[in-house]
Amino acid sequence: MAYVQQQLGHYPAALLYLSLAQARQPRVRTWRQMTALATQQRLVGYPATWQQDLRVQAQRYYYPGLQVLLGAAVVIAVWLLWRRSPRGAWLGYAAYVAMVGTYLHFLHPKPVGLVARPGAALMAGPSAGAAWLSTAALGDRLPVLGHQDIWYRVEWQRQVAFVRGADLLVVE
């Protein structure tokens, strides 16, 4: 679908389909296609760096790695119960579970939002009366930091901004 939308000249729809594909099955090739399209349209939020390629590879193996870690946690717990292991073994298991929790907390994929309406206002606070920061272009990619009422808290040029929920399509 992304290819068809791109050929029709509907770059926001093409970016949406590419983002959905990237969220479901992260690939460096898909990311590079997104960055090429975004560069043509002069959009923000699509870095073409080796760090981003590394991030995409980490996202690609996040869920398989998580399955292995959680499966090992279950096997180790059953083995420790079956062997009636001493307290020291359980402390080692607690450290392993803490490591899995760290993996979950720091490496989980972050949600991003694609600006869905041209001229979406980026505000300093979650209200229409807040100070206006900038206007986002159709298709800009913004990391979503949270949600508050009808507003999404996003990162814009290394600062926190708020955009209306109706102006943003969140891809998780």
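Is Asp167 buried or exposed? In this predicted model, Asp167 is buried, because its relative accessible area is 12%, and the close-up views below begin with the salt bridge in which this residue takes part.

**View 1. The salt bridge between Asp167 and Arg117.** The side chains of Asp167 and Arg117 meet with an N to O distance of 3.7 Å. The pair links distant parts of the chain, 50 residues apart, with Asp167 in the loop between β6 (159–164) and β7 (168–171) and Arg117 in the loop between β1 (112–115) and β2. Whereas Asp167 is buried at 12%, Arg117 has a relative accessible area of 45% and is therefore partly exposed.

**View 2. The salt bridge between Asp53 and Arg32.** The structure as a whole holds 2 salt bridges, and in this one the side chains of Asp53 and Arg32 are 2.8 Å apart, N to O. Here too distant parts of the chain are linked, since Asp53 belongs to helix α4 (residues 50–60) and Arg32 to helix α3 (residues 28–41), with their positions 21 residues apart in sequence. Asp53 counts as buried because its relative accessibility is 17%, which falls under the 20% cut-off, while Arg32, with a relative accessible area of 49%, is partly exposed.

**View 3. Aromatic pairs, with Trp90 and Tyr93 in helix α6 and a cluster of tyrosines.** A pair of aromatic rings is described by the distance of the centres and the angle of the planes. The structure contains 4 aromatic pairs, one of which joins Tyr62 and Tyr63 in an edge-to-face arrangement, with 4.9 Å from centre to centre and 75 degrees between the planes. Tyr62 is buried, because its relative accessibility is 4%. The rings of Trp90 and Tyr93 have centres 5.8 Å apart and planes at 85 degrees, so this pair is edge-to-face as well. Both Trp90 and Tyr93 lie in helix α6, 3 residues apart, which is about one turn of the helix. Trp90 is partly exposed at 30% relative accessibility, whereas Tyr93, with a relative accessible area of 16%, is buried. Tyr62 and Tyr63 also form one aromatic cluster together with Tyr103.

**View 4. Ser19 and its surroundings in helix α2.** Ser19 is part of helix α2 (residues 11–24) and counts as buried because its relative accessibility is 5%. A polar atom of the Ser19 side chain lies 2.8 Å from the backbone oxygen of Leu15. When residues up to four places away in sequence are not counted, Ser19 touches Met34, Leu114 and Val171.

**View 5. A nonpolar surface patch that includes Leu20.** Met1, Tyr17 and Leu20 make a nonpolar surface patch of about 300 Å². Leu20 is found in helix α2, and with a relative accessibility of 43% this residue counts as partly exposed.

**View 6. Met99 in helix α6 and Ser127 in a loop.** Met99 lies in helix α6 (residues 87–107) and is partly exposed, at 42% relative accessibility. The C-alpha atom of Met99 is separated by 9.4 Å from that of Leu69, although their positions lie 30 residues apart along the chain. Ser127 is placed in the loop between β2 (120–123) and β3 (132–136) and counts as partly exposed at 33% relative accessibility. Between Ser127 and Gly88, which are 39 residues apart in sequence, the distance from C-alpha to C-alpha is 54 Å.

Notes. Residues are numbered from 1 along each chain as its sequence is written. This is a predicted model: local features need pLDDT of at least 70, side-chain atom pairs count only at pLDDT 80 or more; totals for chains, interfaces and linings use all residues. Side-chain values use heavy atoms; hydrogens and water are left out. Helices (H or I, at least four residues) and strands (E, at least two) are DSSP runs, numbered from the N terminus. Buried means under 20% relative accessible area, exposed over 50%, partly exposed in between (1.4 Å probe, protein chains only). A polar contact is a pair of N or O atoms within 3.5 Å; within protein, one must be able to donate a hydrogen and the other to accept it, and residues adjacent in sequence count only if both atoms are side-chain atoms. Contact means heavy atoms within 4.5 Å. Patches are made of residues with over 30% relative accessible area and no salt bridge: like charges are joined within 9 Å, nonpolar side chains (Val, Leu, Ile, Met, Phe, Trp, Tyr) within 5 Å. Accessible areas come from the Shrake-Rupley method with a 1.4 Å probe; for residues, only the protein chains shown count as cover. A salt bridge is a side-chain nitrogen of Lys or Arg within 4 Å of a carboxyl oxygen of Asp or Glu. Rings of Phe, Tyr and Trp (its six-membered ring) pair if their centres lie within 6.5 Å; planes under 30 degrees apart count as stacked, over 60 as edge-to-face and the rest as tilted.
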